[in-house]
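Colleague: Could you take me through the salt bridges of this chain, one pair at a time? I would like the setting first and then the partners.

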Amino acid sequence: MTPEQVHDPAGQTRLLRQAASTDKLALGLLLGAGCPQAIRVQHEGEDRPLIPAIAGLTEAVLAKLRSDAESQPLIEQVESH
């Protein structure tokens with residue numbers, strides 16, 4: 001590995017501290033939609049993300065809606081499109 005390819009967490013932390021300590025430097029944090037995927041919790045003996053990804057959320061919502069008989073026609077109509 002060359003020195004350019006090495007990640008320096010201490011250096012990045014130092015730069016972040018410097019940027020946060022003054023109002024003269026711009027500071028921006030970008031948090032992606034996958035952040036909750038990094039937080040893992042034990043649920044029913046399984047290691048799962050704190051908040052599921054979009055596919056997981058979609059399945060959870062659909063499972064809840066499918067358990068309600070009144071929602072069936074609406075779900076079928078949405079899925080047919």
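Modeller: Happy to. Please keep in mind that this is a predicted model. I will begin at one end of a pair, with Arg66, which is partly exposed at a relative accessible area of 38%. Its partner is Glu79, and the two side chains meet in a salt bridge with an N to O distance of 2.4 Å. This pair links distant parts of the chain: Glu79 sits in helix H4 (residues 72–80) and Arg66 in helix H3 (residues 54–66), 13 residues apart. Glu79 is partly exposed as well, with a relative accessible area of 46%.

Now for the setting you asked about. The chain has four helices and two strands, and from the N terminus on they follow the order α-α-β-β-α-α. The radius of gyration is 22 Å, well over the 12 Å that the globule rule gives for 81 residues, so the chain is more spread out than a compact globule. Along the principal axes, the C-alpha trace spans about 60 × 35 × 25 Å. Of the 81 residues, 6% count as buried. If you look at contacts between residues at least 6 apart in sequence, 0% of them join residues at least 24 apart. The exposed surface comes to about 7,200 Å², with carbon and sulfur atoms supplying 60% of it.

On to the charges. The chain carries 7 positive and 11 negative charges, and their mean positions are 11 Å apart. Side chains of opposite charge can pair when their charged atoms come close. With a cut-off of 4 Å from a side-chain nitrogen of Lys or Arg to a carboxyl oxygen of Asp or Glu, the count is three salt bridges.

Besides the pair of Glu79 and Arg66, there is a salt bridge between the side chains of Asp47 and Arg40, at 3.5 Å from N to O. Asp47 has 42% relative accessibility, so Asp47 counts as partly exposed. Arg40, at a relative accessible area of 41%, is partly exposed too.

That leaves Arg48 and Glu46, whose side chains meet in a salt bridge at 3.4 Å, again from N to O. Here Arg48 is partly exposed at 32% relative accessibility, and Glu46 is partly exposed with a relative accessible area of 42%. So if you want to step through them on screen, go from Arg40 with Asp47 to Glu46 with Arg48, and finish with Arg66 and Glu79, the pair that links helix H3 to helix H4.

Methods:
Residues are numbered from 1 along each chain as its sequence is written. This is a predicted model: local features need pLDDT of at least 70, side-chain atom pairs count only at pLDDT 80 or more; totals for chains, interfaces and linings use all residues. Side-chain values use heavy atoms; hydrogens and water are left out. The radius of gyration is taken over C-alpha atoms; the globule rule is 2.2 Å times the number of residues to the power 0.38. Buried means under 20% relative accessible area, exposed over 50%, partly exposed in between (1.4 Å probe, protein chains only). Contact means heavy atoms within 4.5 Å. Accessible areas come from the Shrake-Rupley method with a 1.4 Å probe; for residues, only the protein chains shown count as cover. Lys and Arg count as positive and Asp and Glu as negative; His and the chain ends are not counted. The place of a charge is taken as NZ of Lys, CZ of Arg, CG of Asp or CD of Glu.
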